[in-house]
Amino acid sequence: MSSATTLLTAAAISIFALGYASAQEPALQPGEALAEWAGIYAVLSHPRCANCHVEDDRPRWSGPHYGATRVHGFNVQRGTDGSGLGNPGLRCTTCHFESNSKDLHGPPGAENWHLAPAEMVWWQKSSAQICAQIKDPTRNGGRSLEEIARHVRDDKLVGWGWEPGAGREPAPGSAEETYLALERWADAGAPCPVE
Ligand code: HEC
Ligand code: HEC
């Protein structure tokens, strides 16, 4: 075979392979998309995420390191101005810095530490409830699903959930895996489970 023919054959094979690969990756079937959501829910409902996504005014502490799940110590609250930054005089950043304390039971940290807005509530919510909430722009900060996925991949507070500091169990998987799962789920029409 001449080298030109070899090259052409190689090119034809790769074009065929490309077409084949995309033809092999159709959107997920409904059951598969729901399984994808179940993995996403496992992250969102994990204490490292849900403890900051509460409906009332108090972040939660939970996991073996904390004993029982309970409200955050020191009477910490969302803040009288509703900002999530804490009450004047006891802001989150009084104790939470930009990185984790190295001490067991020391305050964890990440850039811009504060409580999620009350409408972005996940703590003690069901899979169906969180699914509906995350798709609703009036309750997700006006985001598209693509923007939600990118927020999960890139945001520093979210990233903390996988590097939560000494003694705390990280959220399942990784930010990148959760991002990819959100993309696949969105491409499949973002189905929600029925209660
Ligand atoms: C320290 C508190 C804190 C932690 C921990 C935290 N979040 Fe958030 N989260 C926030 C705040 C504050 C916002 C609002 C940001 C905005 O709208 O700009 C938010 C918004 C979001 C949003 C977009 C709005 C929505 O509800 O759809 C997503 C998605 C999200 N967080 C994912 C996560 C995931 C996943 C984890 C865990 C791996 C996590 N967060 C952990 C504070 C936190
Ligand atoms: C007086 C200091 C102080 C203030 C103010 C404070 N925290 Fe904390 N926070 C801590 C300490 C200390 C820990 C770690 C406790 C431990 O590991 O036993 C912690 C842990 C946390 C955790 C981890 C819980 C978990 O289960 O992983 C979250 C989330 C949190 N704080 C959110 C906030 C938010 C949001 C604010 C502001 C509204 C805030 N904190 C204000 C001291 C503080």
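This is a short walk through a predicted model of one protein chain and the two ligands around which its residues gather.

I'll start with the overall layout. The protein chain has 7 helices and 4 strands. Reading from the N terminus, the order is α-α-α-β-β-β-β-α-α-α-α. The chain has 195 residues, and 21% of them are buried. If you take contacts between residues at least 6 apart in sequence, 57% join residues at least 24 apart.

Next, helix α2, residues 30–44. The 15 residues of α2 should span 21 Å at 1.5 Å a residue, and the end C-alpha atoms are 21 Å apart, so the two values agree. Its buried residues are Ala33, Glu36, Trp37, Ile40, Tyr41, Val43 and Leu44. Seen down the helix axis, these buried residues fall within an arc of 150°, which means that they line one face of α2. As for what covers them, the cover includes α3, α4 and α7.

That brings me to the core. The largest nonpolar core has 24 residues, and the members touching the most others are Ile40, Leu44 and Cys49. Two or more residues each come from α2, α3, α4, α5 and α7. Which of these gives the most? That is α2, with 6 residues. Cys49, for its part, touches Val43, Leu44, Trp122, Gly161 and Ala171, leaving out residues up to four places away in sequence.

Cys49 also leads us to the first ligand on my list. Ligand 1 is surrounded by 23 residues, and Cys49 is among the closest, together with Cys52, Ala116, Met120 and Gly161. The elements giving two or more residues to this shell are α2, α3, α5 and α6, the last being residues 156–160. By class, the shell around ligand 1 holds 15 nonpolar, 7 polar and 1 charged residues.

Now ligand 2. Here 25 residues form the surroundings, and the closest are Pro59, Gly86, Cys92, Cys95 and His105. Two or more residues come from α3, residues 47–50, and from β1, residues 60–63. The most come from β1, which gives 3. This shell divides into 14 nonpolar, 9 polar and 2 charged residues.

One of those closest residues, His105, deserves a second look. His105 sits in the loop between β4 and α4. Its phi is positive, about 70°, although it is not a glycine. Is His105 buried or exposed? It counts as exposed, because it has 11 C-beta neighbours inside 10 Å, and the limit for exposed is 12 or fewer.

Asn75 is a similar case to look at. Asn75 is not a glycine either, and has a positive phi of about 55°. It lies in the loop between β2, residues 67–71, and β3, residues 86–87. Asn75 is exposed, because 9 other C-beta atoms lie within 10 Å.

Last, Ala128, in helix α4. Ala128 is partly exposed, because it has 14 other C-beta atoms within 10 Å. Setting aside neighbours within four places in sequence, Ala128 is in contact with Cys192, Pro193, Val194 and Glu195. Ala128 and Trp37 are 91 residues apart along the chain, and their C-alpha atoms are separated by 10.0 Å. Trp37, you may recall, is one of the buried residues of α2.

To close, two points to keep. Cys49 is one of the residues touching the most other members of the largest nonpolar core, and Cys49 is also among the closest residues to ligand 1.

Notes
Residues are numbered from 1 along each chain as its sequence is written. Chains are lettered from A and ligands numbered from 1 in the order in which they are written. This is a predicted model: local features need pLDDT of at least 70, side-chain atom pairs count only at pLDDT 80 or more; totals for chains, interfaces and linings use all residues. A residue is near a molecule or strand if its C-beta atom, placed from the backbone, lies within 6 Å of it. Ala, Val, Leu, Ile, Met, Phe, Trp, Tyr, Cys and Pro count as nonpolar, Asp, Glu, Lys and Arg as charged, and the others, Gly among them, as polar. A nonpolar core is a set of buried Ala, Val, Leu, Ile, Met, Phe, Trp, Tyr and Cys residues joined through C-beta atoms within 7 Å. A residue is buried if 20 or more other C-beta atoms lie within 10 Å of its own, exposed if 12 or fewer, and partly exposed in between; C-beta atoms are placed from the backbone. Two residues are in contact if their C-beta atoms, placed from the backbone, lie within 7 Å. The expected span of a helix is 1.5 Å times one less than its number of residues. The arc is that of the directions from the helix axis to the C-beta atoms.
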